[in-house]
There are 2 protein chains.
Amino acid sequence: MNFPSNKYIIQLLSDFVPISKDMEEIIIKHLEFKTISKQENVIREGQIAQECLFILKGCIKKYYLVDGEERITNFYTEGQVVTPNSYTNKKPSKYFLTALEETIALVGDPDTEQEALKKYPQLASVTGIITEKLMVKLSDEFDNRINHSPEERYLQLIKERPDILQRVPQYQIASYLGIKPESLSRIRKRLKS
Amino acid sequence: MNFPSNKYIIQLLSDFVPISKDMEEIIIKHLEFKTISKQENVIREGQIAQECLFILKGCIKKYYLVDGEERITNFYTEGQVVTPNSYTNKKPSKYFLTALEETIALVGDPDTEQEALKKYPQLASVTGIITEKLMVKLSDEFDNRINHSPEERYLQLIKERPDILQRVPQYQIASYLGIKPESLSRIRKRLKS
């Protein structure tokens with residue numbers, strides 16, 4: 001897999017949060033990467049997360065194991081931040097994060113984060129904006145799940161994240177929609193006709 | 001209604017986020033209050049939120065109107081922060097926030113917030129911790145809703161927020177659990193026997 005260029009990384013970050021020229025240099029100097037193999041767990045239920053990720057390439061799924069069954073609640077792809085709850089509250093994770101594809105990500109850990117914030121207090125505004133944005137996004141997803149039918153949510157996925165449908169097996173899409181694979185097949189048939 | 005004392009306010013805030021003695025003084029000097037009547041809307045669908053709240057007394061429900069039907073997604077009470085998405089992203093609110101009881105809250109608005117952060121940069125760590133905590137909480141609620149049955153969630157409510165059951169009418173509890181009032185009655189009967 002080709003490694004993302006600095007230019008691409010900064011562009012991806014800028015899509016997420018405004019980055020000044022000064023900040024750009026600081027960030028490039030301190031980038032830390034991680035490659036995660038396909039099927040590798042970023043975190044398992046019960047573990048305490050030591051890092052958060054910013055995905056440059058690849059796809060990570062978030063899921064719970066309930067009675068041996070995967071309940072997928074999110075797919076993270078390029079330009080998305082993965083901050084496990086466990087990273088924030090230092091408690092054992094209730095869910096798994098597993099790479100669906102070989103994934104390259106920027107890595108953040110508490111020590112580096114604290115050190116960076118001490119050295120460059122201006123970073124605090126960046127991390128603040130990121131957390132706020134994540135918050136709104138999560139809240140939207142929550143409410144979306146409550147207020148829309150699986151079929152409506154499937155149509156949204158087609159419109160807003162068409163790449164996911166190409167990258168993720170059907171039965172995992174069904175899990176994400178909270179329905180059985182057979183029900184997703186029926187929805188797809190209905191929409192085609 | 002009795003007005004909360006400074007001591008009570010600081011205690012409530014301290015339960016949420018550690019507050020130093022210095023910070024305590026700053027906060028008390030700059031407190032801004034708001035009283036919201038029972039049934040009054042804090043925000044309606046389509047409006048842009050101008051403020052966020054920290055509840056000192058009272059109860060606020062968050063809900064969507066879907067085909068004329070209220071879908072309640074949260075009850076906020078004493079010691080909880082209400083930050084409408086609309087406050088953060090400056091877009092029209094997708095949901096309502098309405099007081100279920102007469103409510104007293106501390107108020108934050110963007111100008112005051114910016115000004116305070118400029119004057120007391122140490123506040124940034126407080127707001128940062130608050131946002132992170134809210135994020136974890138919201139994420140937990142989301143996942144809880146996906147991974148547990150209405151009955152399991154009702155039992156959690158009894159255990160973790162027994163006051164809500166006293167303060168909120170049954171049909172609104174049912175809405176929050178995502179079920180019909182009749183189904184909640186059945187669950188209650190089953191649990192009693």
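The dialogue below works through a predicted model, feature by feature.

Q: Where should I begin with chain A, and how many helices and strands are there?

A: Begin with the inventory and the overall dimensions, keeping in mind that this is a predicted model. Chain A contains 9 helices and 8 strands, and its C-alpha trace extends over about 55 × 35 × 35 Å along the principal axes. For 193 residues, a compact globule would be expected to have a radius of gyration near 16 Å, and the 18 Å of chain A agrees with that. Of those 193 residues, 27% count as buried, and among contacts with a separation of 6 or more, 71% join residues that are 24 or more positions apart.

Q: Which domains does the assignment give for chain A?

A: The domain assignment divides chain A into domain 1, covering 6–146, and domain 2, covering 148–193. Taken over C-alpha atoms, the centres of these two domains of chain A are 25 Å apart.

Q: How many residues of domain 1 of chain A are in contact with domain 2 of chain A, and which elements give two or more residues to that side of domain 1?

A: On the domain 1 side 10 residues take part, and they are in contact with 9 residues of domain 2 of chain A. The elements giving two or more residues to the domain 1 side are β4 (59–66) and β5 (69–77) of chain A, and β5(A) gives the most, with 5 residues. By class, that side of domain 1 holds 4 nonpolar, 2 polar and 4 charged residues.

Q: How do I read the relation between chain A and chain B?

A: The general idea is that two copies of a chain are related by a rotation about an axis and a shift along it. In this model, a turn of 180° with a shift of 0.0 Å along the axis lays chain A on chain B with an RMSD of 0.0 Å, and that is the relation of a two-fold axis.

Q: Which elements give two or more residues to the side of chain A that touches chain B?

A: The contact between the chains involves 24 residues of chain A and 24 residues of chain B. On the side of chain A, the elements that give two or more residues are β4, β5, α3 (85–89) and α5 (123–147), with α5(A) giving the most, at 14 residues. By class, the side of chain A that touches chain B has 10 nonpolar, 9 polar and 5 charged residues. Because 100% of the interface residues of chain A are also interface residues in chain B, the copies meet through the same surface.

Q: How should I read a long helix such as α5 of chain B, and which of its residues are buried?

A: As a general guide, an α-helix has 3.6 residues a turn, so residues three or four places apart point the same way. Helix α5 of chain B, residues 123–147, has 25 residues and reaches 36 Å from its first C-alpha to its last, close to the 36 Å expected at 1.5 Å a residue. The buried residues in α5(B) are B:Val126, B:Glu132, B:Leu134, B:Met135, B:Ser139 and B:Phe142. Their cover comes from both chains, and it includes α3 and α5 of chain A as well as α2 (21–29) and β6 (81–82) of chain B.

Q: What covers the buried residues of α8 in chain B?

A: Helix α8 of chain B, residues 170–177, has B:Ile173, B:Ala174, B:Ser175, B:Tyr176 and B:Leu177 as its buried residues. What covers them includes β5, α6 (150–160), α7 (162–167) and α9 (181–192) of chain B. Just after α8(B) comes B:Gly178, which takes a positive phi of about 80°.

Q: Where does A:Asp67 lie, and is this residue buried or exposed?

A: A:Asp67 sits in the loop between β4 and β5 of chain A, and this residue has a positive phi of about 50° although it is not a glycine. A residue counts as exposed if 12 or fewer other C-beta atoms lie within 10 Å of its own; A:Asp67 has 5 such neighbours and is therefore exposed. In chain B, B:Asp67 lies in the loop between β4 (60–66) and β5 (69–76), has a positive phi of about 50°, and counts as exposed with 5 C-beta neighbours inside 10 Å.

Q: What about B:Ser14, and in which helix is that residue found?

A: B:Ser14 belongs to helix α1 of chain B, residues 6–16, and with 13 C-beta neighbours inside 10 Å this residue counts as partly exposed. B:Ser14 and B:Thr127 are 113 residues apart along the chain, and their C-alpha atoms are separated by 13 Å.

Technical notes: Residues are numbered from 1 along each chain as its sequence is written. Chains are lettered from A and ligands numbered from 1 in the order in which they are written. This is a predicted model: local features need pLDDT of at least 70, side-chain atom pairs count only at pLDDT 80 or more; totals for chains, interfaces and linings use all residues. Domain bounds come from an automatic or database domain assignment. Two residues are in contact if their C-beta atoms, placed from the backbone, lie within 7 Å. Helices (H or I, at least four residues) and strands (E, at least two) are DSSP runs, numbered from the N terminus. Ala, Val, Leu, Ile, Met, Phe, Trp, Tyr, Cys and Pro count as nonpolar, Asp, Glu, Lys and Arg as charged, and the others, Gly among them, as polar. Copies are superposed by least squares on the C-alpha atoms of residues with pLDDT of at least 70 in both. A residue is buried if 20 or more other C-beta atoms lie within 10 Å of its own, exposed if 12 or fewer, and partly exposed in between; C-beta atoms are placed from the backbone. The expected span of a helix is 1.5 Å times one less than its number of residues. The radius of gyration is taken over C-alpha atoms; the globule rule is 2.2 Å times the number of residues to the power 0.38.
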